[in-house]
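Here are some short exercises to work through with the model open beside you. Try each task first, then compare with the steps below it.

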Number of protein chains: 2
Amino acid sequence: MAKVLYLTVVEDIKKKIMDGLIKPDDMLKSESELMKEYSVSRMTLRKSLSLLSNEGYIYSVPGKGNFVRKPETDIFQFRFSDYDSLDCETDEIKLISVRVEEPDPETRFSLGMKYGEQIVILERLSFCGHKPVAFEIVISPYIPNRPVVEDKLNFANYSKALESRLAFSIRKELEITLIKAPGNIEKRLEISPGEVVFQINKKIIKKESNQTLTISKFYIKKEFYSIKAGTPEEDDSKKIF
Amino acid sequence: MAKVLYLTVVEDIKKKIMDGLIKPDDMLKSESELMKEYSVSRMTLRKSLSLLSNEGYIYSVPGKGNFVRKPETDIFQFRFSDYDSLDCETDEIKLISVRVEEPDPETRFSLGMKYGEQIVILERLSFCGHKPVAFEIVISPYIPNRPVVEDKLNFANYSKALESRLAFSIRKELEITLIKAPGNIEKRLEISPGEVVFQINKKIIKKESNQTLTISKFYIKKEFYSIKAGTPEEDDSKKIF
DNA sequence: TAGTGGTCTAGACCACTTC
DNA sequence: AAGTGGTCTAGACCACTAA
């Protein structure tokens, strides 16, 4: 199949694992044995083992050997972005307000801010078929001298721009719950009292310092959100070796 | 910091990317230039590039060069397993029924089965605080001569065992929606008419053939499910190089 | 044709585990 | 002391891209 040596080795070992010839926590043959078995050099063999390791098939213990990994199949992946996550065609996103104010103590704490520092609050309403379906609140520390409140529209893209510049040093967390809509959300989304909505809390966190940079809260009408998730794919396009 | 050559290279290039010295789709210096810059051999440098590639920082185009990748930060991961995904302590899982029957046409189609072949249906109810919170239906093709209907409890673990044997050759898909509970679910979960529940459809699919092996449907009381998800972590423990 | 990345080899030295 | 995996080198040949 594969004309490349290290890939034929990978495929053969994968097959042996999938056929149950070697089971989780079994030790593979030693690298020197495998070199002979496949007639490849050490580096080539180790490239194969590296691939298998990256794909979760094996792990290695220095001084001992390489072992078959217990597979992990309960992890799922999905995509969530601020704009295209609704189960409908968004025909308008209305900017409700952008303002700078004093944070309440809880927010100040989550954002790791000092007393006296202010926050920017952005509120946005998304429409499908000319009806409101999602309300979004974005909270970030206010850093003076940025084109924020002065130009509302700029700010709408500001956080995206900022984010893409920081992209490699941030991590995001999501919390999806179903809650009874608070009064103001009921009004914004024009739903009946007591009705439930999806609440999605998003945090953008700086990897190194674990500092929270931005907090977002989405409230989505229950009919307009669902999740499709799947086992992570091995993205071979990303690999060099 | 790192005493290993290839890691110091990785860290330095990461830093340059995060500091914005090289931006998405910019080309890195050629490998021979980088070899000189860091005074390392070709293979060592390429190990570094491989790592950067695996972690999503760069990609490479043969004959041209290595480029900085546009970062992806809208992908989230979470865990879902049949047993520990409820927002409460499960104190009982009651096996409601296990039976073999003729599939309806839709199910037969999804499972890629021939006319005349039968399916096994398992139904299970989970309790928290002695109240029903989740109802689960698992549907698989019936393969005669397996300890299935003959021993209900065995079957409960059967699918897990089967799955772990196949683990490396399967993939799973999840679909999470909020629906009005069907009549039988209302009864099972003891909820009021018209109330919404989470519906989670799970498919287990064979990677090679794309054949669906098992379909599961979970119905969970809306108060007892939520999702915590986050940006995938680079799992260095899995790496050999 | 010259430069780029992709594959592969044969050796070397190290730290760690096992006996 | 012998065997294991982890790091590193210097060179080789190839396919691809660009001028």
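How many salt bridges does the rule find across the interface of chain B and chain A?

**Before you start.** This is a predicted model, where local features need pLDDT of at least 70, side-chain atom pairs count only at pLDDT 80 or more, and totals for chains, interfaces and linings use all residues. Residues are numbered from 1 along each chain as its sequence is written, chains are lettered from A and ligands numbered from 1 in the order in which they are written, and side-chain values use heavy atoms, with hydrogens and water left out.

**Exercise 1. Answer the question above, then describe the interface.**

Step 1. Apply the salt-bridge rule (a side-chain nitrogen of Lys or Arg within 4 Å of a carboxyl oxygen of Asp or Glu). Across the interface of chain B and chain A, 6 salt bridges turn up.

Step 2. Look at one of them: K228(A) pairs with E175(B), with 3.8 Å from N to O. On the side of chain B that touches chain A, strand β7 (residues 170-180) of chain B gives the largest share, 8 residues. Helices (H or I, at least four residues) and strands (E, at least two) are DSSP runs, numbered from the N terminus.

Step 3. Sort that side of chain B by class: 24 residues are nonpolar, 16 polar and 17 charged. Here Ala, Val, Leu, Ile, Met, Phe, Trp, Tyr, Cys and Pro count as nonpolar, Asp, Glu, Lys and Arg as charged, and the others, Gly among them, as polar.

Step 4. Count contacts (heavy atoms within 4.5 Å): 57 residues of chain B meet 57 residues of chain A. The two chains bury about 5,500 Å² between them, with 60% of it on carbon and sulfur atoms. Buried area is the accessible area (1.4 Å probe) that two parts lose on being put together, summed over both.

**Exercise 2. Find what surrounds DNA strand D.**

Step 1. Collect the residues near the strand (one heavy atom within 4 Å of it). There are 27 around DNA strand D, and E31(A), R46(A), L5(B), T44(B) and K64(B) come nearest. Of the DNA strand D atoms within 4 Å of the protein, sugar and phosphate make up 73%.

Step 2. List some polar contacts (pairs of N or O atoms within 3.5 Å; within protein, one must be able to donate a hydrogen and the other to accept it, and residues adjacent in sequence count only if both atoms are side-chain atoms):
- the side chain of S30(A) has an N or O atom 3.2 Å from a phosphate oxygen;
- the side chain of Y6(B) has one 3.0 Å from a phosphate oxygen;
- G63(A) places a polar backbone atom 3.3 Å from a base nitrogen.

**Exercise 3. Repeat the search for DNA strand C.**

Step 1. Around DNA strand C there are 27 residues, with L5(A), T44(A), K64(A), E31(B) and R46(B) the closest. Sugar or phosphate holds 74% of the strand's atoms within 4 Å of the protein, and bases hold the rest.

Step 2. Check the phosphate oxygens. A backbone N or O atom of E31(B) sits 2.7 Å from one, a polar backbone atom of S41(A) 2.8 Å from one, and a polar side-chain atom of N66(B) 3.3 Å from one.

Step 3. Classify the surface: 11 nonpolar, 10 polar and 6 charged residues.
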